[in-house]
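Open your viewer, load the model and keep the selection box handy. We will go from stop to stop, with a selection to make at each one.

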Amino acid sequence: VYVKVFTNSPVLICMDLALSQKEVVDPKYFWTGPDGKKLQGQPYVDLKEGGKLMVRGFKEYMSGAYTCTLSHKIIETTTQEEREIFKTYRFMVYAYREADHAYQIFVLFTTKECELAANRHFFEELKKILHNIISDLTCHIVQSSYKCHAVKIPTQGLQHELFVSFQVNPFAPGWKEVCHQVPYDCEDATNMRVQEARDRIGEFFSKQTDALKQHFQAVPTIHYVDKSFSVTRMDSCRPGFGKNDLTHQNCASCCVVCDPGTYSPNNDVTCQICESPRVKKYGARSC
């Protein structure tokens, strides 16, 4: 069972399908949490009639095994003898977050020569323009670079091209203050902002010829290669979370809380194994 952090868990039912179709005499339910303590009376759980459990405001440390023991009686119709039956149900419940998104973008421009001083100037001015397009979204351009190559094109001969790449990232200075305006967790808001930034940049390049004329006085030297715009989504996880499509196939795209014995100190997507597994909690950020 996967529960998004700060939300309520689905209702866990202390019964299997086969038993739910039968009459159950004098049922009693006893729930324990991951630490082995009984859940009756805990402020963060709702225990409802019929052995139903819901955990409110789920957090990393609440992850683990939730166990319910159901006891009920079986009465022999002939002798009226009573027997008490016990059945145990175990639910593995994991906290998860949505992955943080960033976008790697790649574009091409033709230029007269690779040694042209205007190439560097063009690249720096292009970064400024892109920054201005998205700055109000608390997003920024990072890991930007360009290389120039001589490319032989069929029927067109040799031409020089600028291979420009950069990443659109939602964590520009001030992003935490924007997050404080959002209740609970802010991945959804952050991901919406960076998607909007990606769309604006995509629109800019789709109108590149006209856009460059507005910003540059001497455009003819460098031209955008039509339809060269490509974008790849890059996911990252918050510290204490990671992706594992083998262990968590049903939530392969989620950032799931790191298991005990593993940790994640940064925004990588992998929970690392502790060499000396002293960590016994979920969501560890150090070993």
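The tour below starts at the N-terminal part, then visits disulfides, a helix and its salt bridges.

**Before you click**

This is a predicted model, in which local features need pLDDT of at least 70 and side-chain atom pairs count only at pLDDT 80 or more, while totals for chains, interfaces and linings use all residues. Residues are numbered from 1 along each chain as its sequence is written, and side-chain values use heavy atoms, with hydrogens and water left out.

**Stop 1: residues 1–97**

Select residues 1–97, which UniProt lists in an unreviewed entry as "domain: Zona-pellucida-binding protein 1/2 N-terminal". UniProt positions are given here in the numbering used for this model, feature names are shortened, and annotations may be inferred rather than shown by experiment. Colour this stretch by secondary structure: the chain is 4% helix and 51% strand over residues 1–97. Helices (H or I, at least four residues) and strands (E, at least two) are DSSP runs, numbered from the N terminus. Now pick the C-alpha atoms at the two ends of the stretch; they are 13 Å apart.

**Stop 2: a three-stranded sheet**

Next, show β2, β5 and β4. They form an open sheet of 3 strands in the order β2-β5-β4, with antiparallel pairing. The edge strands are β2 (12–13) and β4 (45–48), each pairing on one side only. Two strands count as paired if DSSP finds at least two bridges between them; β4 and β5 (residues 52–55) are joined by 4 bridges and run antiparallel. Select Val 45 and look across to β5: Val 55 stands opposite.

**Stop 3: disulfides**

Show every cysteine side chain. How many disulfides does the structure hold? There are 6 disulfides, a disulfide being a pair of cysteine sulfur atoms within 2.5 Å. Three of them are worth a selection each.

Begin with Cys 14 and Cys 68, whose sulfur atoms are 2.0 Å apart. Cys 14 lies in the loop between β2 and α1 (17–20) and Cys 68 in strand β6 (residues 64–75), so this disulfide ties together parts that are 54 residues apart in sequence. The torsion about the S-S bond is about -90°, so the disulfide is left-handed. Both Cys 14 and Cys 68 are buried; buried means under 20% relative accessible area, exposed over 50%, and partly exposed in between (1.4 Å probe, protein chains only).

Move on to Cys 114 and Cys 148, a disulfide with its sulfur atoms 2.1 Å apart. Cys 114 sits in the loop between β8 (100–111) and α2 (117–134), and Cys 148 in strand β9 (residues 140–153), 34 residues apart. Are these cysteines buried or partly exposed? Cys 114 is partly exposed at 24% relative accessible area, and Cys 148 is partly exposed at 21%.

Then select Cys 237 and Cys 255, joined by a disulfide (S to S 2.1 Å). Cys 237 lies in the loop between β12 (230–236) and β13 (241–242), and Cys 255 in strand β14 (residues 255–257), so the pair ties together parts that are 18 residues apart in sequence. Turn on a surface here: Cys 237 is buried at 0% relative accessible area, and Cys 255 is buried at 0% too.

**Stop 4: helix α4**

Select residues 187–206. Helix α4 has 20 residues and reaches 28 Å from its first C-alpha to its last, close to the 28 Å expected at 1.5 Å a residue. The expected span is 1.5 Å times one less than the number of residues. Show the side chains as sticks; the buried residues of α4 include Val 194, Ala 197, Ile 201 and Phe 205.

**Stop 5: salt bridges on α4**

A search of the whole structure finds 16 salt bridges, each a side-chain nitrogen of Lys or Arg within 4 Å of a carboxyl oxygen of Asp or Glu.

Select Lys 4 and Asp 188, which form a salt bridge with the closest N and O atoms 2.9 Å apart. Lys 4 is in strand β1 (residues 2–4) and Asp 188 in helix α4, 184 residues apart. Lys 4 is buried at 17% relative accessible area, whereas Asp 188 is partly exposed at 43%.

Finish on Arg 200, which is partly exposed at 23% relative accessible area. The side chain of Arg 200 meets Asp 136 in a salt bridge (2.7 Å, N to O). Asp 136 lies in the loop between α2 and β9, 64 residues apart from Arg 200, and is exposed at 53% relative accessibility. Arg 200 also meets Glu 196 in a salt bridge (3.0 Å, N to O). Being 4 residues apart in helix α4, Arg 200 and Glu 196 are separated by about one helical turn.
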